[in-house]
Amino acid sequence: MKQYDVVVIGGGAGGLTVAAGTASLGAKVALVEKREDLGGDCLHFGCVPSKALIEAANEVYHARSVSTYGVHASGEVDLKAINARVKASIDHIQEHDDINRFKDMGIDVYIGGASFHTDHEIEIEGHENIYGKRIVISTGSRPNTPPIPGLEETGYITNETAFNLDTLPKKLVFIGGGPIGLELAQAYSRLGSEVTVLEAGPYLLGKEDRDIQKAAQDMLEKELNVITNARVSKTSRQNGQNYVHYSIDEEEYVLEADSIFLAVGRKPNTDTLKLENAGVSMDEKGHVQVDDTLRSNVPHIFAVGDVNGGLYFTHVAGYEGKTVVQNALYGLRRKVSYDHIPWNTYLTPEVFHFGLTQDEAQEKHGDIMIYKTELDQVDRFVADHATNGFIKIITDTKGKIISAHAIGKGAGDWMQTVILAVQKGMKIGDLSNMIYPYPNHTASIENASNQYWRAKLFNGKIQKISEKFIKLFR
C-alpha cells in the first residue's frame with residue numbers, strides 16, 4: 001500500500017490548492033478525483049461556463065438594443081454556437097488544471113471515486129488502497145433536487161446540464177431565486193427565452209442587504225417575470241407540455257414551461273465517501289463538520305470548500321486550501337476568518353457584497369453610519385449610460401468600515417478598493433483622501449466617502465472653529 005504525507009480527495013479549487021501547496025513544500029501527495037479531468041464544479045458547470053454564457057447573452061441583448069443608432073439586429077440565437085463558445089472558455093482554463101501539470105509537481109493523481117476504508121486508508125475505484133497521514137476532503141457540492149412530485153416525468157435542468165441544451169427553451173421556469181438561478185435566468189431571458197422565476201421567500205437574493213434586494217428585483221422585473229412567496233407543489237406533463245404548479249397564500253396557480261430549471265441550493269458530495277468508517281462527523285445536511293482550523297472531529301482529517309458547509313464560493317475554497325496547507329503539513333492551528341470575504345453576483349448590473357447587511361450591522365453594533373451614493377451622481381456611469389445602481393458603505397460612529405454593498409456595472413471590480421481599505425485598517429475618511437483618476441467608476445467610492453468629511457466639516461465643531469479663525473485671520 002502506497003503511503004502519503006497528504007491525500008487530497010477532490011480536484012476542485014480547494015483540493016488543487018492543497019495538493020499544489022503541500023507538494024511544493026516537499027510533501028508526498030496523492031490527489032484523487034472521480035472525473036476524468038480536474039477543475040471541479042466551478043470550471044465545468046459553475047463560475048466559468050455561466051460567465052461565458054452571461055457575456056454571450058449580454059452581447060446579444062446589446063446588439064438588439066442599438067437600434068437607437070440606426071443599427072438593427074434580428075434573428076434567433078444559435079444555442080449550439082453559444083455553447084461551443086462556453087466550451088472553448090472551459091478548455092482554455094483547463095490547461096491550467098491539466099493532470100500532467102500536477103504530475104510534474106510530483107503529485108500522484110488517481111482518477112476514480114474515493115471512500116474511507118479507515119480513518120487513514122482510502123479506497124479508490126480501479127486502484128489499490130492508499131494510506132494518508134493527513135487527509136483533506138474537498139469533494140464540493142452538486143445541485144440540490146427537492147422532492148417535488150412530477151419532476152421525473154417533466155424532467156429538469158440544473159447548472160450541470162444547462163450547457164448541453166441544443167435549442168433555446170421558449171418558456172423557461174426557474175424554481176429558486178438565489179444567485180445561481182438568477183444569473184442564468186437573466187442570461188436566458190436576454191437570449192430570448194420567456195423566463196419566470198419562482199422564489200419561496202419574500203425577496204430574491206435572500207442574503208443581500210435589503211436595499212440591494214429591492215433594487216435588484218426592480219431591475220430584473222423589467223426583463224423577466226418574478227414571483228415571490230411561491231410554494232411549488234408539483235410539476236406535471238400533459239399533451240407534450242410541462243406545467244409547474246405553485247401556490248401563494250393557499251391560492252393555486254399553474255405555469256406552462258418548455259423547460260424547468262432547478263436552482264434551490266446545493267448538496268455536499270459526501271454520500272459516497274463512507275465517512276462513518278473514519279468516524280468523521282457530519283451535520284444533518286451531510287456537510288463535514290470542521291472547527292475554525294478546518295479540522296474535522298478526527299484531527300488528521302480536514303475539509304475545505306463547499307463540502308464543509310461554509311460559504312459556497314471558489315475563492316473561499318482557495319483561501320481555506322491555503323490555510324490547510326499550513327495546518328496539515330506543520331500541525332499548526334491557523335484559523336480561518338470570513339470577516340473580509342466578499343462575493344459577487346454576476347447579474348447585469350452586478351451585485352457586490354462585503355460584510356454585514358445594514359440590519360445585521362445595526363443588530364451587532366447599534367449606532368451605525370451609512371454613506372450612500374446613487375450611480376447617476378457619478379460622471380463615468382452617466383457617460384456610460386449605466387446609472388442604474390448605488391454604493392452603500394456602512395461604518396461605526398468613528399468611521400471604521402463595517403461593510404459595503406453595491407449594485408452597478410462592474411461593481412465586483414471597482415469595489416475591491418473598499419476591501420483593501422478594510423484589510424489595511426483604513427477608515428472611510430481615508431478613502432476620501434485617495435486620488436481617483438477622472439472619470440472613473442471608482443469615483444462612486446470617492447463620492448460616498450466624501451460625505452464623511454462633509455458631515456465633519458459642515459455640521460460639527462470644525463466649522464465653528466474655522467469661522468472664528470477666519471475672522472481673526474482677517
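The following legends describe close-up views of a predicted model.

**View 1. Salt bridge between Arg266 and Asp41.** The side chains of these two residues form a salt bridge with an N to O distance of 3.4 Å. The contact connects distant parts of the chain, since Arg266 belongs to strand β15 (residues 266-268) and Asp41 to helix α2 (residues 40-44), 225 residues apart. Arg266 is buried, its relative accessible area being 18%, whereas Asp41 is partly exposed at 24%. The assignment of Arg266 as buried follows because its value falls under the 20% limit. The count for the model comes to 18 salt bridges.

**View 2. Salt bridge between Glu59 and Arg85.** In this pair the side chains meet at 3.0 Å, N to O. Two helices are joined by the contact: Glu59 is in α3 (residues 47-64) and Arg85 is in α4 (residues 79-94), with their positions 26 residues apart in numbering. Glu59 is partly exposed, with a relative accessible area of 40%. Arg85 is likewise partly exposed, with a value of 35%.

**View 3. Network of salt bridges linking Asp209, Asp211, Lys372 and Lys392.** Within this network, the side chains of Lys372 and Asp211 meet in a salt bridge of 3.6 Å, N to O. This pair also links distant parts of the chain: Lys372 lies in strand β19 (residues 369-374) and Asp211 in helix α8 (residues 210-220), 161 residues apart. Lys372 is partly exposed, with a relative accessible area of 33%, and Asp211 is partly exposed as well, at 30%.

**View 4. Patch of negative charge on the surface.** The patch gathers Asp249, Glu250, Glu251 and Glu252. Glu250 occupies the loop between β12 (241-248) and β13 (251-257). With a relative accessible area of 77%, Glu250 is exposed.

**View 5. Positive patch on the surface.** Lys364, Lys398, Lys400, Lys427 and Lys456 form this patch. Among them, Lys398 is placed in the loop between β20 (390-395) and β21 (401-408). Lys398 is exposed, having a relative accessible area of 64%.

**View 6. Cis peptide bonds preceding Pro349 and Pro439.** The bond joining Thr348 and Pro349 is cis, with omega about 5°; Pro349 is found in the loop between β17 (342-345) and β18 (350-355). A cis bond also runs from Tyr438 to Pro439, where omega is near -10°. Pro439 lies in the loop between α14 (428-433) and α15 (443-458). For orientation, the unreviewed UniProt entry places the feature "domain: Pyridine nucleotide-disulphide oxidoreductase dimerisation" at residues 341-447. That span is 35% helix and 28% strand, and its end C-alpha atoms lie 24 Å apart.

**View 7. Positive phi values at Asn239 and Lys274.** Asn239, a residue other than glycine, has phi near 55°. Its location is the loop between β11 (231-238) and β12, and Asn239 is exposed, with a relative accessible area of 79%. Lys274 is not a glycine either, yet has a positive phi of about 55°. Lys274 lies in the loop between β15 and β16 (301-303) and is partly exposed, with a relative accessible area of 37%.

Methods:
Residues numbered from 1 in each chain as written. Predicted model: local features only at pLDDT ≥ 70, side-chain atom pairs only at ≥ 80, totals over all residues. Heavy atoms only, no water. UniProt positions renumbered as here; feature names shortened; annotations may be inferred. Helix = DSSP H or I, 4+ residues; strand = E, 2+ residues; numbered from the N terminus. Patch = residues over 30% accessible without salt bridge, like charges linked within 9 Å, V, L, I, M, F, W, Y side chains within 5 Å. Areas by Shrake-Rupley, 256 points an atom, 1.4 Å probe, with all protein chains shown as cover. Salt bridge = Lys/Arg side-chain N within 4 Å of Asp/Glu carboxyl O. Lys, Arg positive; Asp, Glu negative; His and termini not counted. Charge placed at Lys NZ, Arg CZ, Asp CG, Glu CD. Buried < 20%, exposed > 50% of the residue type's maximum accessible area, 1.4 Å probe, protein only.
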